[in-house]
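Trainee: I've got the structure open and I'm not sure where to begin. Can we go through it together, one question at a time?

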Amino acid sequence: MAETTKKLHIKTYGCQMNVYDSERMAEAMGAQGYELTDDVGQADMVLLNTCHIREKAAEKVYSDLGRLRPFKEAKPDLKIGVAGCVAQAEGEEILNRSDLVDLVVGSQSYHKLPELVARARNGARPVETEFPAEDKFDHLPARPRSSRPTAFLTVQEGCDKFCAFCVVPYTRGAEVSRPAGKILDEARALVEKGVKEVTLLGQNVNAYHGAGPSDQGGGDWGLARLARALAKVDGLERIRYTTSHPNDMEDDLIAAHGDEPKLMPYLHLPVQSGSDRILKAMNRKHTAESYIRLIERIRAARPDLVLSGDFIVGFPGETDQDFADTMALIREVNYGMAYSFKYSPRPGTPAVGREGAVPAEIADARLQQLQALLTEQQRACQNGMIGREVSVLFEKKGRLEGQWVGKSDYLQAVHVRGDALAPGVLARVRITGASTNSLAGELIG
Ligand code: 5AD
Ligand code: SF4
């Protein structure tokens, strides 16, 4: 008989792209006989798939590494790997900072993971942070049966925008789009395995420009063309994408929001600030006004669209007036959902060390004010759903007996009771109740 299977524990930090990468790493290691475990105590290998976007996220990795020490002492054979964006940004330095780490693998090298693990098992401490020319996904195993009806699908990686605060262009590299044919194949394979909704992922996903499939005339496909082709895949019911940049919101993508029913009416379109001075300093290359006009055009195409965004407060040089401009933009746009952060200086980015640092207590106060407004808007959006009919794709059991939880078209969690419900069921639901983070509803008919 084969030797007993080894156990792998993966902890994922940060964005959905890391969630997707962790799944692909689990699959690659699965092919080597590793089974996933939630229990670190059982693991033979622990992988931390890290995030470098803000200081807090990056430092968390080192405190979590410290927490792994007793496990390694109890089981000296336990191998610990650091993957993801901290691995990409810090490389070798991680081995110096923590003697617990056996291997470091950057975000573009996951196809090399089995080989790196083998080298670590032989006592080496390999570090792999190249940006190889080949597509890492070509060398990863096919996707196994999913137990969930939703899946992430990476279509684009990296970013060429160079916002002055952001590490992504350095940790994920230049924009690279996967060929459309490979994405369509992956989507068809996911559908065969029970998936009904895909979220197309990219650091700058609406800048997608991939080679069109040769059997469809080749050429250069943008995100709208890709979404329309995916909409033709039988059994795929819903398409989402994230994260987008305002300057890449092209006409055909806006039009697709109006006429492609499988493209869901939820859009994450970060603006970061409502002050033109700060937008310029951030190198965003758009104004508050151009963003507002863009939102108007998108809403003209799809009036019920729920909009989400990202905001940074306390960027160097941000005055009370700049912050007031951000609050005014939020009031004008009206978000259904949003994420907001205090500026965190990241090593190697252009904004580091700039004049006009905002004192922490001022940034804290601004963040609180901004979050209060965004929460108020989110509540209003949730309450506005009461009485409306939505479709819900059910994903899992709720906490109450007989209750199931799924997502509305607008990405809101909806709780419903129903005997015939199960993961993968797509049903019409009338919303009967709302709280800030979830909705309650009943099946129609
Ligand atoms: N400090 C604070 N927030 C940041 N983000 C990116 N870099 C930083 C930083 N240095 C935020 C932006 C981005 C989101 C993913 O994280 O709002 O859209
Ligand atoms: Fe970072 Fe997004 Fe700006 Fe790219 S567009 S640099 S990923 S914030």
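Mentor: Sure. Let's begin with Ser308, which counts as buried at 0% relative accessibility. Keep in mind that this is a predicted model.

Trainee: Which strand is Ser308 found in?

Mentor: We already know that Ser308 is buried, because its relative accessibility of 0% is under the 20% cut-off. As for the secondary structure, Ser308 belongs to strand β15.

Trainee: Which side chain joins that of Ser308 in a polar contact of 2.5 Å?

Mentor: Ser308 has a polar contact of 3.3 Å with the side chain of Tyr266, but that's not the distance you asked about. The 2.5 Å contact links the side chain of Ser308 to that of His268.

Trainee: Now ligand 1. Which strands each supply at least two residues of the shell around ligand 1?

Mentor: The residues around this ligand include Asp310, Ile312, Phe341 and Lys342. Asp310 also has a side-chain N or O atom 2.6 Å from an oxygen atom of ligand 1. The strands you want, with at least two shell residues each, are β15 (306–313) and β16 (337–342).

Trainee: How much of the accessible area of ligand 1 does the protein cover?

Mentor: Let's look at the contacts before the area. A side-chain N or O atom of Gln272 is 2.6 Å from an oxygen atom of ligand 1, while a backbone N or O atom of Phe165 lies 3.0 Å from a nitrogen atom of the ligand. On its own, ligand 1 has 410 Å² of accessible area, and the share covered by the protein is 87%.

Trainee: How many nonpolar residues does the shell around ligand 2 have?

Mentor: Cys159, Cys163 and Cys166 are among the residues around ligand 2, and cysteine counts as nonpolar here. The shell also has 1 polar and 2 charged residues. That leaves the class you asked about, and its number is 7.

Trainee: How many disulfides does the count come to?

Mentor: A disulfide is a covalent bond between the sulfur atoms of two cysteines. By the rule used here, the two sulfur atoms must be within 2.5 Å. The count comes to 0.

Trainee: Which cysteine has the sulfur nearest to that of Cys15?

Mentor: Cys15 counts as partly exposed because its relative accessibility is 38%. Cys15 is in no disulfide, and the nearest cysteine sulfur is 6.4 Å away, in Cys51.

Trainee: Last one: how far apart are the C-alpha centres of domain 1 and domain 3?

Mentor: Domain 1 covers 6–128 and domain 3 covers 389–443, with domain 2 at 136–383. The distance between the C-alpha centres of domain 1 and domain 3 is 35 Å.

Conventions: Residues numbered from 1 in each chain as written. Chains lettered and ligands numbered in written order. Predicted model: local features only at pLDDT ≥ 70, side-chain atom pairs only at ≥ 80, totals over all residues. Heavy atoms only, no water. Near = heavy atom within 4 Å. Polar contact = N/O pair within 3.5 Å; in protein donor to acceptor, adjacent residues only side chain to side chain. Areas by Shrake-Rupley, 256 points an atom, 1.4 Å probe, with all protein chains shown as cover. Helix = DSSP H or I, 4+ residues; strand = E, 2+ residues; numbered from the N terminus. Domains from an automatic or database assignment. Buried < 20%, exposed > 50% of the residue type's maximum accessible area, 1.4 Å probe, protein only.
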